[in-house]
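Here is a set of exercises to work through with the model open beside you. Try each task before you read its solution.

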Amino acid sequence: MYPEESTSQMVSDDRMTRDLPSFPLEESGFSNMSSSLNPARGDHEFFEDPPTRALDEHLVEFSEALRTVAKALRQVAEGKASAQAEAAIWKRKYELEKERNSSLKHQEATKIFHSGSREEETENLRNKSLVHDSSPEKSVHCCGKDGICSHETLGDGAADANSNKQRRMVTRKASFRLAWGCNGDNSGQHKHEVVSFEKGNITTAGRSSKQILLKWESQPQTVLILAKPNSNSVRSLCAEMVRWLKDEKKINVFVEPRVKIELLTESSDFNFVQTWKNDEEIKDLHSKVDLVVTLGGDGTVLWAASMFKGPIPPVIPFSLGSLGFMTPFQSENYQEYLDAVLKGPMSITLRHRLQCHVIRDAAKDEIETEEPILVLNEVTIDRGMSSYLTYLECYCDSSFVTCVQGDGLILSTTSGSTAYSLAAGGSMVHPQVPGILFTPICPHSLSFRPLILPEYATLRVQVPLNSRGQAWASFDGKDRKQLAPGDALICTMAPWPVPTACQVDSTNDFLRSINEGLHWNLRKIQSFDGPRDF
Ligand SMILES: NC(=O)c1ccc[n+]([C@@H]2O[C@H](COP(=O)([O-])OP(=O)(O)OC[C@H]3O[C@@H](n4cnc5c(N)ncnc54)[C@H](O)[C@@H]3O)[C@@H](O)[C@H]2O)c1
Ligand SMILES: Nc1ncnc2c1ncn2[C@@H]1O[C@H](COP(=O)(O)OP(=O)(O)OP(=O)(O)O)[C@@H](O)[C@H]1O
């Protein structure tokens with residue numbers, strides 16, 4: 001039996017007893033109830049009393065009905081949250097696919113234009129149609145939009161079709177079809193990103209292993225500088241950088257209201273610096289800003305990411321902290337680096353974020369569903385001040401994963417794999433790898449191991465109704481939210497990654513950080529003298 005079944009059984013009993021005492025007995029005409037609950041009366045008499053038994057049955061029915069309604073409401077709220085998350089993901093996939101198709105069309109047009117050989121083209125087309133004619137499903141689009149079928153790609157593979165022998169061999173190969181689905185949807189819009197076909201064989205596309213380059217199509221004009229508070233070195237570098245950007249590069253500069261006050265205290269010359277007045281204006285920042293510069297440590301990069309609840313412009317993280325795992329740029333050479341970045345192209349790491357929804361058991365309707373929170377490192381569900389074990393039921397795409405009993409659970413991005421998740425025994429993962437890390441905190445079990453789940457997984461962490469204590473969720477180490485029994489946290493990959501500029505490239509920067517920042521795998525080198533195999 002799955003824990004959900006056993007707990008739901010326990011839950012119903014538990015809730016029943018907890019919900020009973022506030023029932024308005026007098027108003028309901030059950031005025032003899034108080035006498036029936038008089039401890040002076042014997043148990044026998046109590047259970048024999050017919051009106052009380054009738055009331056009990058009534059209450060049981062009533063609380064069962066309430067429980068069913070609450071469950072239905074929770075399911076609606078959860079359904080809406082995951083549907084919203086999924087819709088956003090599909091929108092992104094659709095846009096990527098559209099972009100890819102238009103670039104393919106463009107490439108094809110250029111190829112035809114440059115080939116100059118009309119005959120070769122006709123021959124190719126003839127060969128393609130020959131291959132398709134031999135199949136019962138003749139059309140190139142024989143599988144519609146539901147996946148890729150081998151006929152489709154056999155046609156593509158026939159470009160080298162001078163050999164009839166080879167063509168015969170290929171057409172004999174059994175056809176098949178691949179379909180991608182997400183919660184029953186088979187449209188598979190992103191199929192070409194995942195695999196490619198060569199003569200009916202499946203190969204993985206090379207795209208994901210390549211370094212991403214950002215090339216400006218028009219000159220960047222506005223920079224937002226985010227600065228760690230309470231640091232003299234950060235304050236003076238910020239003032240210097242603002243001046244340099246304005247005077248040398250003719251760039252508009254935005255800073256936080258606190259920083260603008262600091263700059264104006266230094267000199268009224270900083271009047272040109274722009275800022276915002278309220279949270280509403282922060283929502284528009286992404287449409288005004290071309291680049292974000294962070295001056296601080298990893299916490300300042302997390303801070304920058306948390307300001308953008310949707311798309312975020314490229315981030316250039318300067319190191320003015322202690323560890324600086326995600327901040328590869330040395331502040332001493334800021335002019336040289338910013339010069340190069342403003343010119344482009346630059347290597348970037350697309351750091352995935354997680355989108356978290358808290359679903360309240362007490363929510364009466366959809367309007368009460370809380371706003372999603374995006375995290376760059378992780379969401380942690382822990383026991384907070386409670387001294388009891390956390391008991392968390394975890395599901396992945398509606399399959400039961402496990403019950404975490406311990407201090408808590410970390411759901412981390414691969415960027416966050418080197419932060420709290422690492423301290424809890426999770427693997428270090430290259431930030432460009434898409435996936436969600438599932439790392440328990442001090443599990444009271446001899447057999448727990450951390451997991452890495454695929455990027456498309458929807459995770460649900462549920463605090464059972466019969467849980468002994470509350471749980472607490474925190475987001476990149478901030479904004480703690482209490483999770484009461486019955487509450488749940490739903491977590492999916494967010495459609496808006498954080499593009500951070502690399503000093504060299506994604507891999508070089510990552511390896512340098514784990515070696516220099518974390519002293520990974522450091523050991524004294526073995527000496528060469530002594531016993532040998534040869
Ligand atoms: N036991 C732990 O290791 C532990 C406990 C609580 C929080 N944290 C981490 O702290 C983060 C918040 O960072 P902060 O700077 O605001 O708080 P903070 O000032 O408490 O710093 C936490 C430390 O984690 C480092 N760090 C942050 N993100 C990192 C990453 N992606 N890779 C490697 N190191 C990273 C920071 O450089 C800093 O040294 C949380 O997201 C969480 O991952 C770690
Ligand atoms: N612009 C900002 N406004 C408010 N808080 C900020 C800002 N930038 C950073 N912080 C907070 O300040 C704290 C420290 O920042 P940060 O981690 O960058 O510095 P650090 O601890 O010196 O560096 P490192 O993380 O490398 O050890 C973090 O909790 C972060 O959230």
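**Exercise 1: Helix H13 and its cover**

Strand S6 (222-227), strand S8 (291-296), strand S9 (315-319) and strand S23 (498-501) are among the elements that cover the buried residues of H13. Keep in mind that this is a predicted model.

Task: which residues of H13 are buried?

Solution. Start from the helix, which spans 298-307. Its buried residues are Asp 298, Thr 300, Val 301, Leu 302, Ala 304 and Ala 305.

**Exercise 2: Two ligand shells**

Task: find out which element gives the most residues to the shell around ligand 1, and where the largest share of the shell around ligand 2 comes from.

Solution. Step one, ligand 1. It is surrounded by 18 residues, and the closest are Gly 299, Phe 325, Ala 419, Ala 423 and Gly 477. Helix H13 and helix H15 (420-423) each supply at least two residues of this shell, and H13 gives the most, with 3 residues. Sorted by class, the shell has 7 nonpolar, 8 polar and 3 charged residues.

Step two, ligand 2. Here 16 residues form the surroundings, with Gly 296, Gly 297, Gly 299, Thr 300 and Gly 321 coming nearest. S6 and H13 each supply at least two residues, and H13 provides the largest share, 5 residues. The classes are 6 nonpolar, 7 polar and 3 charged.

**Exercise 3: Domains**

Task: between which domains does ligand 1 lie?

Solution. First list the domains: the assignment gives domain 1 (12-18 + 49-115 + 353-496), domain 2 (117-210) and domain 3 (219-349). The contact between domain 1 and domain 3 takes 10 residues from domain 1 and 10 residues from domain 3. On the domain 1 side, these divide into 4 nonpolar, 4 polar and 2 charged. Now return to the ligand: domain 1 and domain 3 both give residues to the shell around ligand 1, so ligand 1 lies between them.

**Exercise 4: The largest nonpolar core**

Task: which members of the largest nonpolar core touch the most other members?

Solution. The core holds 80 residues, and the ones to pick out are Ile 225, Val 242, Leu 354, Val 379, Leu 392, Leu 411 and Leu 489. Domain 1 and domain 3 each contribute at least three residues to this core. Zoom in on Val 242: leaving aside neighbours within four places in sequence, Val 242 is in contact with Ile 225, Val 253, Leu 263, Phe 270 and Val 273. As background, nonpolar side chains tend to be buried together in soluble globular proteins.

**Exercise 5: Buried or exposed?**

Task: decide whether Asn 230 counts as exposed or buried, and do the same for Asp 476.

Solution. Begin with the backbone. Asn 230 has a positive phi of about 60 degrees although it is not a glycine, and Asp 476 has a positive phi near 50 degrees. For context, most residues other than glycine have a negative phi.

Next, place them. Asn 230 sits in the loop between S6 and helix H9 (232-249), while Asp 476 is in the loop between strand S20 (471-475) and strand S21 (478-483).

Finally, count neighbours. A residue is exposed with 12 or fewer other C-beta atoms within 10 Å and buried with 20 or more. Asn 230 has 6 C-beta neighbours inside 10 Å, so Asn 230 counts as exposed. Asp 476 has 26 other C-beta atoms within 10 Å, so Asp 476 is buried.

How values were computed
Residues numbered from 1 in each chain as written. Chains lettered and ligands numbered in written order. Predicted model: local features only at pLDDT ≥ 70, side-chain atom pairs only at ≥ 80, totals over all residues. Core = buried A, V, L, I, M, F, W, Y, C linked by C-beta atoms within 7 Å. Domains from an automatic or database assignment. Contact = placed C-beta atoms within 7 Å. Near = placed C-beta within 6 Å. Helix = DSSP H or I, 4+ residues; strand = E, 2+ residues; numbered from the N terminus. Nonpolar A, V, L, I, M, F, W, Y, C, P; charged D, E, K, R; others polar.
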